[in-house]
Amino acid sequence: MPFSLLKYGFSRTYPARRDIPPTPELKRYYDIVIIGGGGHGLACAHYLSKYHGITDVAVLEKGYLAGGNTARNTTTIRSNYITPEGIAFYKEGVELYERMSQELDFNVMFSQRGQLTLAHTEATLRSFKARAAMGTHLGTRTEVVDQKEVGKLSPLLNMDYGGPLEILGGLWHADGGTARHDAVAWGYAAQASRRGVEIHQRTEVTAFEISGGRVRKVVTDRGAIACGQVMIATGGMNYETALKAGIELPIRCYPLQAMVTQPLKPWLHTLVSSVSLHTYLVQSSRGEVVIGGGSDPYQLYSTRSTLDMKEHLAAGAVHLFPFLQNVRLLRQWAGITDMTPDYSPIMGASPLANLWLDCGWGTWGFKATPVAGKRMAETIASGRVPDILKPFSMERFRSFRLLNEMGATAASH
Ligand SMILES: Cc1cc2nc3c(=O)[nH]c(=O)nc-3n(C[C@H](O)[C@H](O)[C@H](O)COP(=O)(O)OP(=O)(O)OC[C@H]3O[C@@H](n4cnc5c(N)ncnc54)[C@H](O)[C@@H]3O)c2cc1C
């Protein structure tokens, strides 16, 4: 046993440093109340306190810190989207991840090892060409690669299917990567609480008191609190939370599942996903192969996992890498994802003057954690929505200016 551990264990004079203080008493008023202690809520609290000098902030979390989708996601980070608005937004997200460990003084284990999306049909390849052209134009590292190059990028891929599942090429995105999800959340939480932000775990928002077009009080199971401004960032519960304020978001919720294998020696050096097989794989820093795919095909508020999905993901993974058939599965889990009709988030103003939305993160919001936090903090602090967020307004559903990212999110999130 290391000596320092014994020293901490037995000595009263060496208390372990706590990254996050225990939950304090709720005050009667905060300048800003953030509902949801996932990555998005915590990132916003960090940027408010560090860059806008606003520290009278309470983050209210009904369970434990980052126990929602932040804890359940497969951590794909990338910016190879379809629309110019989406690419610009997620590109800023990737750039913030590149500097995040320094920003938070916390190792978030950002690993920029590139993402390879496989094309099994000519139609997919054509759509990749359009994505690569748009991505390159907007400054991301996104290119179409041929069969030979795919084989070099991921040498253990089964290239010999023939028929409809033959690999014709791929979309190679050198900017893609992963980060440790709990480190991201805890890094933001530690920074924000060091500056005076209060994080209230086990504090559920149950209602709002509204008058004159504003939220006057946020009602919780620990009492009601008055507030200057409020942000909703409750992940899979966003539809329900907004409804408590009388706002019906264009969101439907579906379970999304993933699973991991037993740890293996490092062999998968990029993220690999297949549009046709609806399966993606990445090897974690612990050696486990993380396997994910599409959402369940029915609406449900449940985090149970199913045999159907396990079989589907296992079949896809074995198809791509046949040697995985002998590898054991370690665990499988699910999260509830808040899906919008155009597979893009809803950020910015709500019909209530002091209520802000950071919603609709569906299956794609982990990569946006820093950029959404930074830009929502800017919005709340200034009262103005920055240009980069304007396309993601709730208003777009009324004016039919949708941002269709379905083709970019379906297979690999
Ligand atoms: C299996 C799976 C794989 C995924 N893979 C990826 C991926 O590879 N890449 C990617 O970019 N995204 C991915 N996602 C999506 C990503 O996880 C989410 O979009 C992202 O984590 C959303 O973060 P958040 O902070 O908004 O929400 P969350 O992390 O869910 O945090 C919201 C918090 O709000 C709390 N809350 C809810 N209601 C209340 C209430 N009434 N009062 C107080 N607190 C409340 C919840 O307990 C929760 O902790 C995946 C999701 C799943 C489920």
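## Aromatic pairs

There are 11 aromatic pairs by the ring-centre rule used here. Keep in mind that this is a predicted model. One of the pairs is Tyr 47 with Tyr 188, a tilted arrangement with 5.9 Å centre to centre and 50 degrees between the planes. Tyr 47 belongs to helix 2 (residues 39-51) and Tyr 188 to helix 8 (residues 181-194), so this contact ties together parts that sit 141 residues apart in sequence. How buried are the two rings' residues, Tyr 47 and Tyr 188? Tyr 47 comes out at 5% relative accessibility, so it counts as buried, given that the cut-off is under 20%. Tyr 188 is buried as well, with a relative accessible area of 0%.

Then there's Phe 89 and Tyr 90, an edge-to-face pair: 5.1 Å centre to centre, with 80 degrees between the planes. Phe 89 and Tyr 90 are both buried.

## A ring cluster and a lysine

Which residues do ring pairs link into a cluster with Phe 89 and Tyr 90? The other members are Tyr 81, Trp 361 and Phe 392. Tyr 90 has another partner too: the charged end of Lys 367 sits over its ring, 5.9 Å from the ring centre. That puts Tyr 90 in an edge-to-face pair with Phe 89 and under the charged end of Lys 367.

## Strand 5, covered on both faces

Next up is strand 5 (residues 169-173), which is mostly covered, with five of its five residues buried. In a regular strand, side chains alternate between the two faces of the sheet. Which residues of strand 5 fall on each side? Gly 169, Leu 171 and His 173 are on one side, Gly 170 and Trp 172 are on the other, and all of them are buried, so both faces are covered.

Strand 5 has two antiparallel partners to look at. With strand 3, the pairing runs over five bridges, and Ala 119 has Gly 169 of strand 5 as its bridge partner. With strand 4 (residues 142-146), the pairing is antiparallel over five bridges, and here Val 144 is bridged to Leu 171 of strand 5.

## The enclosed cavity

Strand 3 also shows up in the lining of the largest cavity. Rolling a probe the size of a water molecule over the atoms shows where empty space is left. How many cavities of 30 Å³ or more does the count give? Just one cavity makes that cut, and the largest cavity holds about 50 Å³ of space.

Its lining is made of Arg 78, Gln 115, Thr 117, Arg 131, Val 275, Gly 407, Ala 408, Ala 411 and Ser 412. Strand 3 (115-119) and helix 13 (406-409) each supply at least two of the lining residues. By class, that lining has three nonpolar, four polar and two charged residues.

## The second largest pocket

Now for an open space: the second largest pocket, with a volume of about 410 Å³. What lines it, and which residues lie nearest its centre? There are 21 lining residues, and Thr 75, Arg 180, His 181, Ser 284 and Val 290 lie nearest the centre.

Strand 12 (279-283) and strand 14 (329-339) each supply at least two residues of this pocket's lining. Sorted by class, the lining of the second largest pocket has seven nonpolar, nine polar and five charged residues.

Note on methods: Residues numbered from 1 in each chain as written. Predicted model: local features only at pLDDT ≥ 70, side-chain atom pairs only at ≥ 80, totals over all residues. Heavy atoms only, no water. 1 Å grid on protein atoms, 1.4 Å probe; cavity = no way out; pocket = protein on both sides within 12 Å on 5 of 7 lines; lining within 4 Å. Points joined across faces, edges and corners; volume = space filled by probe spheres on them. Helix = DSSP H or I, 4+ residues; strand = E, 2+ residues; numbered from the N terminus. Nonpolar A, V, L, I, M, F, W, Y, C, P; charged D, E, K, R; others polar. Phe/Tyr/Trp six-rings, centres within 6.5 Å; stacked < 30°, edge-to-face > 60°. Buried < 20%, exposed > 50% of the residue type's maximum accessible area, 1.4 Å probe, protein only. Lys NZ or Arg CZ within 6 Å of the ring centre and 35° of its normal. Pairing = 2+ DSSP bridges.
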